[in-house]
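Reader: I'm new to this, so could you take me through the model and tell me what the labels rest on?
Author: Sure, let's look at it together.

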Amino acid sequence: MGDTPTRPSTSAEDYVKVIYDLQERGTGPVTISGMAERLSVSNSSVSGMLRKLSDMGLVEHQRYGAVSLTESGTRAALAVLRRHRLLETYLVAELGYSWDEVHDEAEILEHVVSDKFVDRIAAHLGDPVVDPHGDPIPTREGGIVERESFLLAEAEQGTRGVIVRVNDTDPDLLRYLADIDIGIGMTVEVLKRQTFAGSLQIAVRPDEGAPERSQDLGLVAAEALWISPDAK
């Protein structure tokens, strides 16, 4: 584990990972309040940590402005995301965890395993490019396989695509999606946007050759699902 001492602290890793994740999911500028909500801490705690991260050269942040990662901060975020997402994949593929259980386990393990250990997990699994939630797994060099996708909640009526990614931060939501049989790789089509009801009516096809079924889906769930028009 010779690489461990050169890493940022656990809290620094958590912060750069959250900043990267908020940027990656395209929800607008990363703000102190948004980070505080995601991390379940106070705004003042976030401000204090951002000052430390700025001194470390990991973030750029002007008072009252948006938060962004430096090149060094991005590298640190991608390294911890690689560990996190490969650990999630290993827990599901080899240890029988369900997709709603792995996030919290990986949150702990990502800070203590060595990069050598994680590289061996990657090799054992055949170097997967996405984790069980469809999140892209960075390579050792920090590369990511980009895939065109957009939120199901923003799709217009008649839009059709394949579910390629789901937000993994809420285990209850993941369990709900599993209960109604909505998951990665399924084809969906927006049949009707029920704006005042706060829901979508969608057609779902679990796999090729399977019959379609109609499903009402609340916007909270639809805002956690990304679909790709060209995914197979």
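Author: Let's start where the two domains meet: about 1,200 Å² is buried between domain 1 and domain 2, and carbon and sulfur atoms give 52% of that area. Before we go on, this is a predicted model, where local features need pLDDT of at least 70, side-chain atom pairs count only at pLDDT 80 or more, and totals for chains, interfaces and linings use all residues. Residues are numbered from 1 along each chain as its sequence is written, and side-chain values use heavy atoms, with hydrogens and water left out.

Reader: What makes an area "buried between" domain 1 and domain 2?
Author: Buried area is the accessible area (1.4 Å probe) that two parts lose on being put together, summed over both. In domain 1, the residues losing the most area to domain 2 are R25, W99 and D100, together 53% of what that side buries.

Reader: How do you know where domain 1 and domain 2 begin and end?
Author: The bounds come from an automatic or database domain assignment. Domain 1 covers 1–146 and domain 2 covers 150–229. Their centres, taken over C-alpha atoms, are 26 Å apart.

Reader: How many residues of domain 1 and domain 2 are in contact?
Author: On the domain 1 side there are 14, and they are in contact with 15 residues of domain 2. Contact here means heavy atoms within 4.5 Å.

Reader: Why is the pair D135 and R165 called a salt bridge?
Author: The term needs a side-chain nitrogen of Lys or Arg within 4 Å of a carboxyl oxygen of Asp or Glu. For D135 and R165 the N to O distance is 2.5 Å, so the pair fits the limit of 4 Å. Between domain 1 and domain 2 the count is three salt bridges, and the whole structure has 18.

Reader: What does E24 form with R85?
Author: A salt bridge, with the closest N and O atoms 3.2 Å apart. E24 lies in helix α1 (residues 10–24) and R85 in helix α4, so the pair ties together parts that are 61 residues apart in sequence. Helices like these are DSSP runs (H or I, at least four residues), strands are too (E, at least two), and the numbering goes from the N terminus.

Reader: Is R85 buried or exposed?
Author: Buried means under 20% relative accessible area, exposed over 50%, and partly exposed in between (1.4 Å probe, protein chains only). R85 has 2%, so it is buried. E24, at 23%, counts as partly exposed.

Reader: Which side chain meets E24 at 3.1 Å, N to O?
Author: That's R165, in another salt bridge. E24 lies in helix α1 and R165 in strand β4 (residues 160–166), so this pair ties together parts 141 residues apart in sequence. R165 has a relative accessible area of 9%, so R165 is buried. D21, E24, R38, R85, D135 and R165 are linked in a network of salt bridges.

Reader: Why does S40 count as exposed?
Author: Because its relative accessibility is 67%. S40 sits in the loop between α2 (32–39) and α3 (43–55). Its phi is near 60 degrees, a positive value in a residue other than glycine.

Reader: Which residue forms a salt bridge with D181?
Author: R213 does, with the closest N and O atoms 3.8 Å apart. D181 is partly exposed, at 38%, and R213 is partly exposed as well, at 25%.
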